[in-house]
Amino acid sequence: MKKNILSAILAIILIIPVMTSCGKKPEEGKSFTMPIDNDPVYLDPQIATDSGALSIINNCFEGLVRLDENGDIVPGVATDWSVSDDGLSYTFNLRKDAVWYVTKSAGKTIGEDYETSFSTALTADDFIFALRRAVAKTTNSENADKLLCIKNAEAIHAGNMSSSKLGVRKDGDYKLKIKLDYPSEDFLTVLTTAVAMPCNEKFFNITAGRYGLSSSYLIYNGPFYISNWNENTSVTIKKNLSYSGDNEAKPASVFFSVNSELDARAKKLSQGTYDFTPLSFEQYKSIENDRDVSFSESRNTLWGLIFNCSDADMSCRDLRLAICYGFDKSLMKKSEYMSEAAAGALPPSVMLSGGSYREKAGETGSLDYSAKKAGKYWEKALGKLEKDGMSITIKCTQEHENQLRAVLQNLQKIFGISCDARVSVVEEAELLKDICSGSYQIAYAPITASGGFAADFLESGVKAFSRYDSPEYDRLIKCVQKGDNQDRLKSLKQAEEHLISNAVLLPVFFADSFYGANADSQGIYISSADGAVCFINAIKN
């Protein structure tokens, strides 16, 4: 067994083996298995969002550039690139031997004569169409915001301009030029993610709205291709022999097993059924002494109170402040998987300009316990809401029930008979489902960073869960996206402080996520850009 605690500044989670079998050297051409939570709804790179789909796309498609196992930007379809001094113009030279791989099932979608009628050459047009499609309002891509730095993208995304006006153009078939409205330190990293993968316009139109819904409606330009997609069972990818780039797949195949039974993952990893899997803390503890498994941790999770700001009562800032000031965090005991008291809303794994945001920003101001302030804001909230009393319900898992009951007992002492405070205990899956659907008042729950973009964590995590609406907060996030390094750091810290000072959430602890790999496997890594698991370099003893 080996345990590798990742430092906050790492962009990539590496799974490193600790054992070799009988002194044998690791070999290429092996097969690997990994569980995914759900059958992908679609594998359309421009709109896919779930972790399993992003991992499959990362292996089967290739953008202009890639992130390697060290977190460095390396060539993808582009052999080289240049950036203007003002950071507004990017020029990419593309490989002239890059092609689309068309499976037999996709060939049937194209037509009987597809081998002669369909050009498999991958050119700059495929990136132009993909980027235009990604930012188009009608596509409704959840990841379009990452591309809004491209010239005219904001107006196009708002529906106020034709996508043909996007700042991307070609200079011949194999040179792509991208113009930005403002410099973006993260732009090359964004180009490694699914939303920026190429898309063949002719094939897309042939699929007639079914692009990415099955393997018959996909073609591939990456190191792997989908050989089999069994609905609700598995997705198998195999080495793409037509791939000619620098990132040739070392495995023969990868089997993504659809398995939402989380409790079985540790056992299957220990038995060698799985080569890699995310693990809950309980699963990790159950096999932590297994010498045939190596482990890694990422400090990528925030635990705290999340307020549903769309709730009639919780929309009142004074009420939220009353609860935060009356919440005695000393009564919350740190679980074994919780690493430290939260120094802000953003966990240490979240990156900014190539380093840990948390290390650069330091601690963010917090709402420390004050019974006097809690009582003052409670009375103000009752007045604003024109109520004599209120009910408060905090949803949580059984693990935290007794601690939260102690917290609420103290709250009731502060607020008196005008407060009816309760704890509602649910399973973790139901808790997260209720948060996503807005079926809660307050939740004590985790928010986990799936990738390394700081603004993403605040937007798709905190803001989405809390349903918080504030023009000032939105302005700060835009400043994060548009500013230079120092301005981005300043704006991001202000956005973080805004959420805390307005009691949108109350950070309590940072926590770790766990990953396990068969100790005979190596070269599997996770991209910090979108959390995709990459098997391109995977080898096995």
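Let's start with a hairpin-like topic, the pairing of two strands: strand 10 and strand 11 (residues 234-239) run antiparallel to each other and share 6 bridges. Keep in mind that this is a predicted model. One of the bridges can be placed exactly, as N230 has S234 in strand 11 as its bridge partner.

Now for the sheet around this pair. Strand 10 and strand 11 belong to an open sheet of 4 strands, with the order 3-12-11-10 and mixed pairing. Strand 3 and strand 10 sit at the edges, each pairing on one side only. On average, neighbouring strands of the sheet are turned by 20° against each other, direction ignored.

Helix 1 (residues 51-60) packs on this sheet and touches strand 3, strand 10, strand 11 and strand 12. The direction of helix 1 makes about 140° with that of strand 10.

Here are the residue ranges of some strands, handy for finding your way in the viewer:

| Strand | Residues |
|---|---|
| Strand 3 | 31-36 |
| Strand 10 | 224-230 |
| Strand 11 | 234-239 |
| Strand 12 | 253-258 |

Where does T233 lie? T233 is in the loop between strand 10 and strand 11. Is T233 buried, partly exposed or exposed? T233 counts as partly exposed because its relative accessibility is 44%, which falls between the cut-offs of 20% for buried and 50% for exposed. Leaving aside residues up to four places away in sequence, T233 touches F256, S257 and V258. T233 and N38 are 195 residues apart along the chain, yet their C-alpha atoms are separated by 8.8 Å.

How values were computed:
Residues numbered from 1 in each chain as written. Predicted model: local features only at pLDDT ≥ 70, side-chain atom pairs only at ≥ 80, totals over all residues. Heavy atoms only, no water. Pairing = 2+ DSSP bridges. Axes fitted to C-alpha atoms, helices over the stretch in contact; angles between N-to-C directions. Contact = heavy atoms within 4.5 Å. Buried < 20%, exposed > 50% of the residue type's maximum accessible area, 1.4 Å probe, protein only.
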